[in-house]
Amino acid sequence: MNVLSAVNLQKVYGGRDEANTTKALNGLNLKIESGEFIGVMGPSGSGKTTLLNILSGIDKPTSGTVEISGKNLIEMDNDQLAVFRRQKLGFVFQDFNLIDSLTIKENIILPLILDKRSPEQMEARANAVMSLFEIDGIADKYPYNVSGGQQQRTAVSRAIINHPDIVFADEPTGNLDSKSSTSVMKCLERMNTENNSTILMVTHDSFAASYCKKIIFIKDGTINMEIVRKGTRKEFFDRILDCLAVLGGERNDI
Amino acid sequence: MTFRDIAVKNLKSHIRKYLAYFLCSSFSVMVIFMFSTLIFNKQLTDFCKMINVSFITYFSLVAVIIFAIFFINYAHTTFIRSRYKEFALYMTLGMTKKDINRIILVENSLILIFSMLIGFISGVLFSRLFQMILMKLINLKKVDFAFDFRSFLITFLTFTLIYVTVIILSRLSTRKLEISELLKHSRKIKSEKSSIIIGITGIAIIIVSSITLLFIANNRDLNNMLTFMSYFIIAFTGVYLTISNFGPLAVKIIKRRKGLYYKNLLSINEIDSKFSQNKKILLVLCVLSSIIIFSVASPFALYQQSHNIALNTSPSHIEYASVAGVNEINRNDLDTILKNSDTMFTGEKSIEFLKLDYKGGGDKYDLLGIKPVVSASTYNSFLDKQLVVPEGKAVNIITAWEPGYHGLPSGSRIEFVSGNKSFTYEIQTSSKGTFIADGNVFPSSSGIILNDKDYERIKAASASDVIGSFKVFMFEDWKKTGNVIENLKKVFTGSNSKLSNPVAANMFKLSSTLDTYGNLKKVYSVMLFIFSFMGLLFIITSGSVLYFKQYTELAETKAKFGKLYKIGIQKKEIKTIISRELLMTFFSPLVFGAIVGYSAMYLMTFMVGGSFILAPFMEFASLAIIAYFLFQVVFYLITRKKYVREITG
């Protein structure tokens, strides 16, 4: 089943003057099936984050369409998009994006609170997801009192608490050390395999990318290459590095 | 790059933060300066002394200084806190704490110097305007505009002292902080020290102190300036405890109902964190609101009531005491004067009294050591009362306006001396009330009522120059009695000057409703001016405090809602959350201020008059509260609109 489809996306930054404009996206097409775990990679400035922001409805494209679960995001206004985001989408950000004045548990149930669900449902889901990611011990602590890895796992929990159609992750390991990165990537992998969540992850990190099932490489605003995981993660990791080399990025470009 | 370059660069890059802090400081200097010029303005202080309201100027200066302490402390703390991250970065790069302290010191000294400069300049300008209006109001022709150097000095000293305290305080708080703490500090929002029990205690203190006040208002022993001040201090301690623990208390109560709690989690959280962050500033706002309400409402009420208060203090339109040759006028002259009145003369009475020397307590009103004494039946028939005074007892009726017993409390003894005999009575009751004539007519703080038999006994033993009479004249319209008063005064001044002791004779004044009314109006208009000026100043101040608070919080709030926006919050939901928080910040000080202001007004009515002005006083207090409330609503709506636009834009 098709969860997301983007057709001919263009995003142009800059003024009216042709010479001063920058094309961040240049006629990009993308389809994501239910249950996929896709990594988006590419050198700096290739348009990865722009793509993610447009696909998730945080930013609007200059032209082209984005459909998620049959709904056209382009036609929605900001408030409709807000409701759509909290009901159908999940987010994991590089800087965690947690609210400092709320406890870990309250942060996790935020999308449900915004969506005015019943307290029983919030409690049940929060407890389930917190034990899944082993953060139930810190439920009543505040974000500034827990480690980066725990914060990111909190963010991951928040991303899936509303059973979203698709989860967008923007450099989720960007601010983490390798141990925390591993634990967060394992969380995402489990989400994908056990809950059958659809995930789109933008990353620089080849190691993090190796947890995906499929990687698309973008360069100059379009999809340049696409590889699908076969065999072990180690083999996939090596292939990713090769592709990056071909793409012109450096092998240690993380 | 030298250390000084860094400090200068700092200043440039944070110009907006500095500007806000700088304006707060300048504003405080200006306000302190303006009020201190009042204290050292000789004409004004003389006037205030003359009408016994010297405390007004001191009271307002103290209020202003207290305000400045809190305001500057708040501005300084916010300013320093907003830069913790920057300090942490410097320290990571190898700057020592000593260097950081030096930066703080240099910056603050610069701000101190420049805000003094700006504050003094604007203070001088506004003071001129302020004094001009004030002098015009109290009809002082020759106005002396010289600025006393003492007002500069007092402002300078006060302000420097506040600054030094504030810097020491902030040094103490940064001394404890480590780099990691400094980095975390900007994120740490909850204060861990709040307690629910203390919160409840705070509410209890407010309620108990306000109720106690209602009970003691009518008690002459307790109703005085000290009670008034202690009430303010106690009530605001309660307010502070309530505010600082309000968040956790509300959260605790609401958390019992999970559904309600989760539904309003974001609003509750916003209010909770804002309250614990801003408890000091909320206290300042509470104090300001109560002063605004009290200071605007009470002089308005007094001014508007001066007609009634005049009639209450001087119910007889014209009255004077005539005894031992003092205030003597022959019948023909009197009739001529009365006939030439602008208003119809409706009746006169002559009430006999004894001017007796006494031994016993007294104060500045009792310089001559004499009291007017009347018999119970005279008193009862004149005032239509049923007072019973047993033999050997005396009733003391206080005519001086200040609270207290003026040396003759109930149960004390008073000894009259007449001729070579002495008569001693026990004071049965001593209370403020209406005697035959008001306090100006007879130079004494009170009048004495005796049993008819006792009265006759003394009268029989007394020489004829002890027996006198109060003359009372009533007219159709007391406001038109001006020429009668003038003519009588002329006659009395002439005749009294021929007596052996004209100074003492002149202490037996002619009193009239019209004069009382005129004096009251004069006093109240000055009060009205000073107090409403203070009120206006405090309204502006409370507005700028609120504005300053919102302004400093903007970046943080914007970041928070930016995060929520990505997760999926709608604009109208942001608006709801912001509205609720603003509603609490704007109106909770008003509620607390109204409670305290209302109670203070209640106490004040008993201090200046009595129950007869209670209703109009409370009416004015309510009006002031409503007006202030409406003003705040407008201010709230404007701020909300701007603030929401800033956050969501």
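**Exercise 1. Work out how many residues chain B and chain A each bring to their contact, and how much area is buried there.**

*Solution.* Start with the residues: chain A gives 32 and chain B gives 24 to the contact, where contact means heavy atoms within 4.5 Å. Next, take the area: about 2800 Å² is buried between the two chains, and carbon and sulfur atoms give 59% of that. Buried area is the accessible area (1.4 Å probe) that two parts lose on being put together, summed over both.

Before going on, please note that this is a predicted model, in which local features need pLDDT of at least 70, side-chain atom pairs count only at pLDDT 80 or more, and totals for chains, interfaces and linings use all residues. Residues are numbered from 1 along each chain as its sequence is written, chains are lettered from A and ligands numbered from 1 in the order in which they are written, and side-chain values use heavy atoms, with hydrogens and water left out.

**Exercise 2. Find a salt bridge between chain B and chain A, then say which element of chain B gives the largest share of its side.**

*Solution.* First, the count between the chains is two salt bridges, each a side-chain nitrogen of Lys or Arg within 4 Å of a carboxyl oxygen of Asp or Glu. One of them joins A:Lys116 to B:Glu573, at 3.1 Å from N to O. Then look at the elements of chain B that give two or more residues to the side touching chain A: helix 11 (258-263), helix 12 (265-277), helix 19 (513-567) and helix 20 (571-608). Helix 19 of chain B provides the largest share, six residues. Helices (H or I, at least four residues) and strands (E, at least two) are DSSP runs, numbered from the N terminus.

**Exercise 3. Explain why strand 6 and strand 10 of chain A each have one side without a neighbour in the sheet.**

*Solution.* Write down the order first: six strands of chain A form an open sheet, 6-7-8-3-9-10, with mixed pairing. Strand 6 (89-92) and strand 10 (222-228) of chain A are at the edges with a single partner strand each, so one side of each has no neighbour in the sheet. Two strands pair if DSSP finds at least two bridges between them. Now check one pair: strand 9 (residues 214-219) and strand 10 of chain A are antiparallel over six bridges, with A:Lys214 opposite A:Val228.

**Exercise 4. Is A:Glu36 buried or exposed?**

*Solution.* Locate A:Glu36 in the loop between strand 2 (22-33) and strand 3 (37-41) of chain A. Its relative accessibility is 16%, so A:Glu36 counts as buried (buried is under 20% relative accessible area, exposed over 50%, partly exposed in between; 1.4 Å probe, protein chains only). Beyond four places in sequence, the contacts of A:Glu36 include A:Asn192 and A:Lys214.
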